[in-house]
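Good morning, and thank you for the time. I would like to walk through one structure, beginning with its aromatic residues and ending with a few individual positions.

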Amino acid sequence: MSFAIEVPGEAAPLSPFELVKALSTAATSTDNGQRQSAGQQLQAWESHPDYYAGLQSVYLDRSHDKQTRFLAIILLKNGIDKYWRHTARHAIPPEKKQLIRSRLFQGSLAEEDRALALHNALVTAKIVRIDYPDDWPDAFSSLIHLTQAASAADPLHLRGALQTLLRIVKEMGRARLRKSQTALQGVTPDLVRLLSAVYHEKTTCWWDYCSRGAGDEAAAAAAIDNSLTALKILRRLVTLGFELPHASPLVVDVWSLSQSQFDQFLGAIGSGSSLPQPLQDMIGKHLIQFAKLHIDMSEQHPASFPVLPNTIPLVKAYWNLVKSFSEVFATSGGIRQTSGGGGESGPKHEGPLFEKLALKGLLLLRSCVAIAHHPVQTFRYRSPEVKELERRAVQTLKAELLTHDVLLDMVQVIVSKLFVFRESDMEVWEEEPEEWEAQERTEGQAYEWAVRPCAERLLLDLLTNYRELGEPLLAYCNHATSADNLDIVTKEAAYCALGCSAAIIYQAFDFDGLLKTVLTKDVQRQEPLAKLLRRRIAILLSQWVTVKVAPESRPVVYDMYRHLLRAEDPHNDEVVRITAARQLKAVADDFQFDAEAFYPYAAEVLDALVRLLQEVGGDEARLAVLETVRVLVARMETHISQFGDAIMTILPKVWESAASEEYMIKQSVLAIMSALASSMRAESRRYHAAIAPLLREAMNPESPLHLHLIEESVDLWKAVLTQCEPPLGPDLAPMVRLALPLLEYDSEVANQCVEIVKDYILLAPQELLSDALRRPALDALSKALNAKSREQQQMAARCLELLIRHAEELGGVEGATVVAGDLVDLGVLRAILEGLRGNWEAAQTTGPNRKSPPLSTLKETDYFSLLARLALADPALLVRSLTAALGGSEADMARLWPWLADQWFANFDCMADPTREKLSCLALTRLCELPSPAHELVLGRLQDYLSMWTSVVTGLADGHGNDPTPEEGASRGEGAAAAAAAQDVLGAHDCLVWTEAGRYEYDSPLDVVEREFAFRDPVHRVVTFEFVKARLADLVARVGGEQAFEAEWAVNVDREVLEGFGRLSLPLSQVQQER
């Protein structure tokens, strides 16, 4: 047993010997501990100025083993992104950069190992993208010179030079900065000339060997390899390096060459060719590059594409190739997608060359249809000449290529030949069912590498833009669906065409009749290929149900999906059931989905989906099934209640089975639980014990999945709380502390978390007002008051109001005093006063020196509403809290009141909310209750008070009030109406007074709690004018009676203001007549 102590990486100084030792250990050691120690040492050296130049030296030294050199070049490549730019921390010094640049080409030109040369080329490409042209102006000129020299001397050097150039062009072609694009376009003409010469020379060499046997096979193999690389670079340069390719003779030459050699090379290979298979494969790769060139040009330069020489005949030749291939499509081996290798990223596609070329032809035709009918939208300036070129390009394609006869020919060939399901397709189906189903789905990417899905997309493109093609397709569908002697493969192709054309022929085709008479029989067929037909029927139903299916036919559709999901039927294999589950989502998500009609089939369908969820292994299939379950749960609403137990039994197991990094599975689980809580309403409370642990795990900031799951977690949390009523259970009540840290975020999630805190205040006020949570909650909410989101600010202010009200309800004035003391200690009230003072000071300035107020009027209203809640609880509490916030005594109120009253009364003009106006009115009115010397301060603003009372009472009497929740309109104003019946005076009318909280059909339990709490709010319980009269009378009595009041205080009020206030006591009818 070893007791060696690991030495920190910094203990070993960087030297060539130590670097090679560390690289060799990290690359080749079989001892995991030694590899980790060496890796830590290498990481510690990253900031050393000599480290990356040393890695390059190790790579260039061919005496080292391949694994050591390979690790050296990999680490160098990774370090370019981190340390090459001069703005990076521990950036590589300029002199070391120059040393590395000077040896980059050497690392590729003479390197025999392809993998090592490739990664050195990748390093070179990254550096060129960053440094050219500013720090490495001769990069391309040096590489051009090296390529010219290698072309005439050494095939190995030429291979390295071309590989490097290919990687540079790829890297710069991905750049989105205009500087990099301009730099590439600047050197493109020279590169095209060079590569055209190299390509011509090497092609001549290997073609002479193929056609006449000149030279030797090794030289031909090297030449064809280099010509292919040169062609790959040319393909990218002619599409990326020219703004208008058709205007460049260089591009025209390459374009013409691609067409002539396409025919030449295609004729040289095939079943009758005598060439060795490796050479045939390489020639085939040249043909694929030509096809990619044609497609890239059509997609990236749609205006130039039709103008290039012989483009229309070229596209027609592709279509003829597709037609020829369609004759052997049924027996072709098919294209299979495999993972990429050899350092290349992306998948590989293996299959017959003829089929690959036919696929490219279909993709080119799709691109042509897109050019003609969906021109690319851009914000870039286009000259009138370019616009005219684009217009002529569209006209050319429509007039010369997409003629009626050609379009009919395309539809006929696609439907009758390319929709046929082949034996090779069935082989892949059975070998990799989940992968095949995922690739073949409507949203999949199989059309990019498989003929049949691509043909479907092309047919959809044609039908979308040429609706007249629906007539012959309708005739075909009528014939195919009515024939009794069609085999399953032919009928499946017909159903595929019927699904693609649904949106075109739905008015003329009787799908309901087909559904009841034919599809119901076909879905029950028991022949060997019955599963093929069943899969297609599952897709067909989802395509038609969103277009045209009668309500009385929908139960038949639901029953067919129930049948397709039955695992007991041997013809419902994994592909059929996954497809049915995926397509059922579209059926359930349709606007006309009928939960009542689906209910008889729901138990079996949901049971089948749950079973399928346990059987499938791939994440993609599981996500599809989970999404269908979510949609069904949401659309069935309360009908889902009796199936909730079965669903909730499986969801925690799915959660546990998902690996720590499989966050999408857990997102789906949370989404289903959210839908279940919303649909089952109050009945979902029995699942709180199962939901709470998952929520705690997802909301844990320490969890690696926290950021991935936070949105779904918050949605679920909100849905759960919506269905709760007080008191909250022990599973949910303590969880509020998890929401408080999220209130500091500036995002939609933070807005929802503030709403969650509001829900907790309503449902568990004792929890929020406990000593453990009260201050953290107030602190978090006060920070949310300063969030960038106005919605978040408003909701935070609402939460603080609710806390003050609940504190008063639960503990009286003492309870409100505790909350007010916390607001003082946390600096919240001081910040409020400073903001309001800033607005008041800004209001005192005018002209060019006018200051901008620090608070918006909306935020100012929020602040005054908080002060109003304290005053409404106890006016003396407001005075104590404000003076304490400023660090003074109650006597300091005399200095605070003048500017605060100015701003508060002025804010009434900005509130635009009668509820807020009444709240502030009641709060300011309560200040009249304060003893001397405070009431003298109030009387000093008597004119402002009388104006406020008149304005607010009149507005409420006119019925312009708005409630916190729109549903409360039914009960709004009933209290005022009752008072008006007893005393028909203007002031007796108050539209914000409620006689009952009210309950409505779609209320959630939380809605009821919130409305009942709002019903207890003085804003909705007291008539404003009666409230004002009582306190004004008390104030008048305390100053010596009416005569003393009028002589000492009312004399300072304008007559119009006094008359306006006196009018509140007049009969309503008289006031209306006066108006």
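**Aromatic contacts, core and confidence**

Phe905, Tyr945, Trp949, Phe1025 and Phe1061 form a cluster joined by ring pairs. Please keep in mind throughout that this is a predicted model. In total, the structure holds 27 aromatic pairs. One of them can be classified explicitly: the ring centres of Tyr132 and Phe140 lie 4.8 Å apart with the planes at 80°, and the pair is therefore edge-to-face. Tyr132 and Phe140 are both buried.

Let me return to Tyr945 from the cluster. Beyond four places in sequence, Tyr945 contacts Trp897, Phe905, Leu924, Thr925, Leu927, Cys928 and Val938. Tyr945 and Trp949 also appear among the residues that touch the most other members of the largest nonpolar core, together with Phe419, Phe511, Leu519, Tyr760 and Leu867. That core comprises 356 residues. Its greatest contribution comes from helix α38, residues 790-825, which supplies 14 residues. As general background, nonpolar side chains tend to be buried together in soluble globular proteins.

Helix α38 also holds His806. Is His806 buried or exposed? With a relative accessibility of 5%, under the 20% limit, His806 counts as buried. Leaving out residues up to four places away in sequence, His806 touches Ile761, Leu762, Pro765, Leu769 and Phe1013. Phe1013 has a further partner in Arg805, whose charged end sits over the Phe1013 ring at 3.8 Å from its centre. A second arrangement of this kind involves Arg69, with its charged end over the ring of Tyr59 and 5.0 Å from the ring centre.

Those last two residues bring me to the annotated region. An unreviewed UniProt entry assigns "domain: Importin N-terminal" to residues 38-110. In the model, this stretch is 68% helix and 0% strand, with its end C-alpha atoms 30 Å apart.

I turn now to confidence. The mean pLDDT of the protein is 88, and 94% of the residues reach 70 or more. Where is confidence highest, and where is it lowest? The highest value belongs to helix α26, residues 554-564, at a mean of 96, and the lowest to helix α46, residues 974-982, at 44. Residues 1-10 have pLDDT below 50, and the model gives this stretch five contacts beyond near neighbours in sequence. Residues 960-982 also stay under 50, yet the model has 52 contacts for them beyond four places in sequence.

Helix α26 merits a closer look. Eight of its 11 residues are buried, so the helix is largely enclosed by the rest of the structure. The buried set consists of Arg554, Val557, Tyr558, Met560, Tyr561, Arg562, His563 and Leu564. These residues pack against four helices, namely α24 (511-522), α25 (530-545), α27 (574-588) and α28 (595-615).

Finally, consider Gly351, which lies in the loop between β2 (348-350) and α15 (353-373). Its relative accessibility is 36%, so Gly351 counts as partly exposed. Apart from residues up to four places away in sequence, Gly351 touches Gly334, Ile335 and Lys356. How far is Gly351 from Tyr1000, in sequence and in space? The two residues are 649 positions apart in sequence and 64 Å apart in space, C-alpha to C-alpha.

Key: Residues numbered from 1 in each chain as written. Heavy atoms only, no water. Core = buried A, V, L, I, M, F, W, Y, C linked by side-chain atoms within 4.5 Å. Buried < 20%, exposed > 50% of the residue type's maximum accessible area, 1.4 Å probe, protein only. Helix = DSSP H or I, 4+ residues; strand = E, 2+ residues; numbered from the N terminus. Contact = heavy atoms within 4.5 Å. pLDDT = per-residue confidence, 0-100. Phe/Tyr/Trp six-rings, centres within 6.5 Å; stacked < 30°, edge-to-face > 60°. Lys NZ or Arg CZ within 6 Å of the ring centre and 35° of its normal. UniProt positions renumbered as here; feature names shortened; annotations may be inferred.
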